[in-house]
Amino acid sequence: MAEAVTTVAKTQSWRPLFWGLASFLVLPFVPFFEVIIPIQQTLLLLVPIIAVCSIVGWKLGGRAALAIIWIGLSIWMLLQPAGPPGTQYDQMARGWAILLAASFGLVSLWSVTMPFFSRALISVGLATGVGFLIALSSPSGIARFEHAAEEELTRRVSVRLQDLEEARATPQMKDLEARAPVLEELNNESEAMMREIPDMAAALVPALLALESLAALALGWGVYRRLSPVPVGPPLSKLSEFTFNDQLIWGLAVGATLCLLPAFGDGRNAGFNLLLFFGTLYLIRGIGVLAWMSHGRIVYIVILGLVPQVFVIVTLALGLGDTWLDLRKRVKAA
């Protein structure tokens with residue numbers, strides 16, 4: 001049995017995982033993404049998750065050395081400041097990293113046979129519930145956490161705008177804008193849009209953080225499976241096979257209800273977060289259906305992605321439609 005498991009682990013390619021890891025580590029420092037990704041130091045999430053997987057693997061007969069190494073790396077990462085030292089954001093980011101890793105470890109120990117996505121959703125939900133209770137029991141409650149997030153996102157925008165203003169102040173850029181007024185107008189619009197993003201992003205931090213956490217869990221899971229011959233659960237499925245429980249459609253329904261009905265005006269912000277979180281999940285499911293329809297030819301997805309609005313509408317429609325049609329399952333059954 002151990003020999004068979006080792007063979008499976010060795011046949012897994014690092015190539016697709018490498019691109020995912022590169023995107024996860026680099027995108028938080030790219031303009032626009034740096035303002036909407038809650039925890040910019042993504043290694044703070046990733047390393048403890050790999051450590052937890054290593055601990056669970058050790059309990060199942062894996063190497064203790066692997067667990068010790070990743071535990072040490074996790075402690076070192078958690079001791080590093082996540083943003084400006086001593087700020088509320090710094091404490092929140094490190095606290096969330098601990099909550100997420102601990103929740104994933106508990107769920108993994110509870111059931112080794114549970115599929116990854118179900119395990120990840122339960123872990124994020126558990127961490128969110130504990131975090132919500134902590135927020136309610138702290139001074140100023142949830143408003144304190146929203147303020148900390150908005151303050152951090154505003155800081156990032158301020159740094160980026162300062163860099164842009166310095167670049168625009170150079171003689172070369174001034175000359176270029178004088179020759180091309182369209183470029184000057186575009187730069188002004190970009191700066192205005194960046195100033196507005198922190199307020200909107202801060203209100204959507206719960207959904208954005210949950211999505212970032214799911215990505216961290218998937219990547220950490222993938223890294224562990226390539227480092228250890230002892231699996232802690234089923235392998236990740238291909239994107240073209242990605243699906244989840246159809247009952248999650250109620251998350252979208254509740255979100256839409258909170259946003260659209262005047263009677264639930266106080267819960268509108270929660271509704272937007274639900275729509276963003278579950279809408280993104282269905283969008284990814286739609287991409288999976290599109291990948292299945294195109295037989296894995298990524299070029300078709302790239303071509304469709306050249307028009308973002310069309311891409312979102314098509315993939316979201318495919319994801320939602322798959323809840324009732326489930327074409328992939330029907331073709332397999334046939």
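Asp-246 is partly exposed, with a relative accessible area of 29%; buried here means under 20%, exposed over 50% and partly exposed in between (1.4 Å probe, protein chains only). This is a predicted model, in which local features need pLDDT of at least 70 and side-chain atom pairs count only at pLDDT 80 or more, while totals for chains, interfaces and linings use all residues. Residues are numbered from 1 along each chain as its sequence is written, and side-chain values use heavy atoms, leaving out hydrogens and water.

**Exercise 1.** Find the side chain that meets Asp-246 in a salt bridge, and place both residues in the fold.

*Solution.* Start with the rule: a salt bridge is a side-chain nitrogen of Lys or Arg within 4 Å of a carboxyl oxygen of Asp or Glu. The partner is Arg-285, at 3.1 Å from N to O. Next, locate the two ends: Arg-285 sits in helix α13 and Asp-246 in the loop between α11 and α12 (249-260), 39 residues apart, so the pair links distant parts of the chain. Helices are DSSP runs (H or I, at least four residues), numbered from the N terminus. Then check accessibility: Arg-285 is buried at 1%. Finally, look for shared partners: Asp-246, Arg-285, Asp-322 and Arg-328 are joined into one network.

**Exercise 2.** Compare two salt bridges of helix α8, one made by Arg-160 and one by Glu-152.

*Solution.* Take Arg-160 to begin with; its side chain meets Glu-34 at 2.6 Å, N to O. This pair connects helix α8 to helix α3 across 126 residues. Glu-34 is buried, with 7% relative accessible area. Now turn to Glu-152, which pairs with Arg-155 at 2.8 Å, N to O. Both lie in helix α8, 3 residues apart, about one turn of the helix. Glu-152 is buried at 4%, whereas Arg-155 is partly exposed at 32%. By this rule the model has 9 salt bridges.

**Exercise 3.** Which residues form a nonpolar patch on the surface, and which helix gives the largest share?

*Solution.* Patch residues have over 30% relative accessible area and no salt bridge; nonpolar side chains (Val, Leu, Ile, Met, Phe, Trp, Tyr) are joined within 5 Å, like charges within 9 Å. Ile-55, Trp-58, Ile-71, Ile-75 and Leu-79 form the patch, with about 480 Å² of accessible area together (Shrake-Rupley method, 1.4 Å probe, only the protein chains shown counting as cover for residues). Helices α4 (43-59) and α5 (64-79) each give two or more residues, and α5 has the largest share, with 3. One member from α5 is Ile-75, partly exposed at 48%.

**Exercise 4.** How many disulfides does the whole structure hold, and are Cys-53 and Cys-259 buried or exposed?

*Solution.* A disulfide is a pair of cysteine sulfur atoms within 2.5 Å, and the search finds 0. Cys-53 is buried at 1%, and Cys-259 is buried at 10%.

**Exercise 5.** Describe the backbone and setting of Phe-32.

*Solution.* First, recall that most residues other than glycine have a negative phi. Phe-32 has a positive phi, near 80 degrees. Its place is the loop between α2 (15-26) and α3 (33-36), where Phe-32 is partly exposed at 39%.
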